[in-house]
Amino acid sequence: ASSPIPLAATPLEQPPLAPAASAMACTPSSDAAPTVAAADAAGEARWEPTPAEILAAVRSLYADEIKPVGRLLMKRLRELAASASGADVADVDAVPLVDPERLRAVCEASPALVVEPAEGREFAAMLPCERGCFVDACSTVDPYPARVWEQAAAYFDAMDETAGQLPCGRYACAMELRARAAPFLAGRTLGEACHIVQLAISTKLLLGYADGFLVPYARSEKCAKAMNAVRQQPTRTSKQQESAPFPYATWEDVRRGLPYILQRSRKPAPGVITVSNIKRLFRSELSLELCETVLGHSRVWELLKDERVRDLCQVDAVSHGQAFVRSVACKPEEAQ
């Protein structure tokens with residue numbers, strides 16, 4: 001028996017309405033073209049959706065078991081407008097971008113919605129009298145039967161290089177796989193599909209990133225790095241292959257160069273560097289290519305935690321997933 005799918009429920013004040021058979025079947029009440037507001041400061045047209053259009057989009061996200069946070073609500077509004085356009089093929093890119101400030105203002109003014117704070121600077125537009133059961137797409141809990149993963153593995157393994165390029169966003173990838181009628185998503189809501197895609201990337205190692213796409217893991221950059229780390233061979237992107245390469249840093253180079261770079265650093269604090277800037281600084285300051293796989297690691301932060309440099313630096317993870325490397329002489333609080 002499978003474990004429950006990770007859900008978050010809102011309070012129930014009245015019996016919930018029956019969910020729509022399909023989120024995309026729930027279209028705005030008007031077939032008219034989206035109302036376009038005046039262009040923004042950059043000269044780009046912005047759409048100001050009506051309260052009825054926003055409510056329809058919120059209800060469709062509820063049916064898909066996706067919490068209607070601002071960025072997904074804007075995405076769904078454009079999807080529904082594209083599907084209601086009457087075109088043979090819905091073109092979301094042809095729909096103007098939604099004005100986010102107008103969207104929040106309309107949600108806050110609507111008696112049919114309650115605006116709640118969400119993660120970061122996001123907000124969620126909730127239906128106050130309906131229970132919302134939303135799948136947590138970021139959960140590491142796997143509630144799906146083994147058959148789902150067997151089918152998913154077979155599906156991705158059978159992909160050729162063209163069909164195997166999927167949109168890199170979790171939501172967009174789930175939408176594409178549903179459009180292709182991927183068998184392992186049969187009977188699953190879009191919220192569940194998003195969660196399955198996330199697990200396929202993060203824990204199941206069925207998908208990975210390469211050249212701006214999600215691809216079968218065997219063709220991903222992460223897989224290539226892992227294999228090259230074992231062989232202690234370089235991993236170069238297509239852009240790096242086109243440029244004149246610097247010599248690869250050895251462990252001796254790292255032990256000499258890391259203290260030099262840390263000592264010169266003043267941002268974000270003295271003796272502190274963001275891990276994402278380490279490679280760039282090795283190139284600009286030392287004319288060396290810091291390649292983690294040459295040194296036996298698949299990730300830079302793993303290299304910086306190697307016992308061979310433990311006496312020189314320490315890696316600290318702070319808010320928003322950012323990581324810093326600091327000199328051992330630098331206090332941890334200075335990296336905040």
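Let's start at one cysteine: Cys107 counts as buried, with a relative accessibility of 1%. The model you have in front of you is predicted, and Cys107 makes a handy entry point to its sulfur chemistry. Cys138 offers a contrast, because at 52% relative accessibility this residue counts as exposed. Which cysteine sulfur is closest to that of Cys138? The one in Cys194, at 9.9 Å, which is too far for a bond. A disulfide would need two cysteine sulfur atoms within 2.5 Å. By that rule, the count of disulfides is zero.

With that settled, step back to the chain. Eleven helices and 13 strands make up its list of secondary-structure elements. Of the 336 residues in the chain, 41% are buried. If you look at contacts between residues at least 6 apart in sequence, 61% of them join residues at least 24 apart. The area that the chain exposes is about 18100 Å², and 53% of that is supplied by carbon and sulfur atoms.

Cys194 leads us on to helix H6, since this cysteine is one of the buried residues of H6. The helix spans residues 190-202, 13 residues in number, and reaches 18 Å from its first C-alpha to its last, close to the 18 Å expected at 1.5 Å a residue. Is H6 largely enclosed or open to the outside? Eleven of its 13 residues are buried, so the rest of the structure largely encloses the helix. Leu190, Gly191, Glu192, Ala193, Cys194, His195, Ile196 and Val197 are among these buried residues, and Leu199, Ala200 and Ile201 belong to them too. For background, an α-helix has 3.6 residues a turn, so residues three or four places apart point the same way. Several elements help to cover the buried residues of H6, including helix H2 (70-83), strand E7 (133-135), helix H4 (146-157) and helix H5 (170-179). Strands E9 and E10 are also part of that cover.

Those two strands belong to a sheet that is worth tracing. Three strands form an open, antiparallel sheet in the order E8-E10-E9. E8 and E9 are the edge strands, each pairing on one side only. On one side, E8 (residues 166-167) and E10 (residues 213-216) are joined in the antiparallel sense by two bridges. On the other, four bridges join E9 (residues 207-210) to E10, again antiparallel. Phe213 is a good residue to click on here: it is the bridge partner of Pro167, and Ala210 stands opposite Phe213 as well.

E9 and E10 also form a hairpin, with two residues between them. One residue in this turn, Asp211, has a positive phi of about 55° although it is not a glycine. This is worth a second look because most residues other than glycine have a negative phi. Asp211 is exposed, with a relative accessible area of 57%.

A similar backbone feature turns up elsewhere. Gln232, another residue other than glycine, has a positive phi near 55°. Its place is the loop between helix H7 (221-231) and helix H8 (238-242). From Gln232 you can hop across to Thr293, as the two residues are in contact. Thr293 sits in the loop between helix H10 (278-286) and helix H11 (300-304). Is this loop residue buried or exposed? Thr293 is buried, with a relative accessible area of 1%. Leaving aside neighbours within four places in sequence, the contacts of Thr293 are Lys225, Asn228, Ala229, Gln232, Gln233, Pro234, Thr235 and Ser298.

Finally, let's turn to the aromatic rings. A pair of them is described by the distance of the centres and the angle of the planes. How many aromatic pairs does the structure hold? There are five. Tyr144 and Trp149 form an edge-to-face pair, with 6.3 Å from centre to centre and 75° between the planes. The angle qualifies because planes over 60 degrees apart count as edge-to-face. Both partners are buried: Tyr144 has a relative accessible area of 5%, and Trp149 has one of 10%. Elsewhere, ring pairs link Tyr155, Phe156 and Phe184 into a cluster.

Technical notes
Residues are numbered from 1 along each chain as its sequence is written. This is a predicted model: local features need pLDDT of at least 70, side-chain atom pairs count only at pLDDT 80 or more; totals for chains, interfaces and linings use all residues. Side-chain values use heavy atoms; hydrogens and water are left out. Buried means under 20% relative accessible area, exposed over 50%, partly exposed in between (1.4 Å probe, protein chains only). Contact means heavy atoms within 4.5 Å. Accessible areas come from the Shrake-Rupley method with a 1.4 Å probe; for residues, only the protein chains shown count as cover. Two strands pair if DSSP finds at least two bridges between them. The expected span of a helix is 1.5 Å times one less than its number of residues. Rings of Phe, Tyr and Trp (its six-membered ring) pair if their centres lie within 6.5 Å; planes under 30 degrees apart count as stacked, over 60 as edge-to-face and the rest as tilted.
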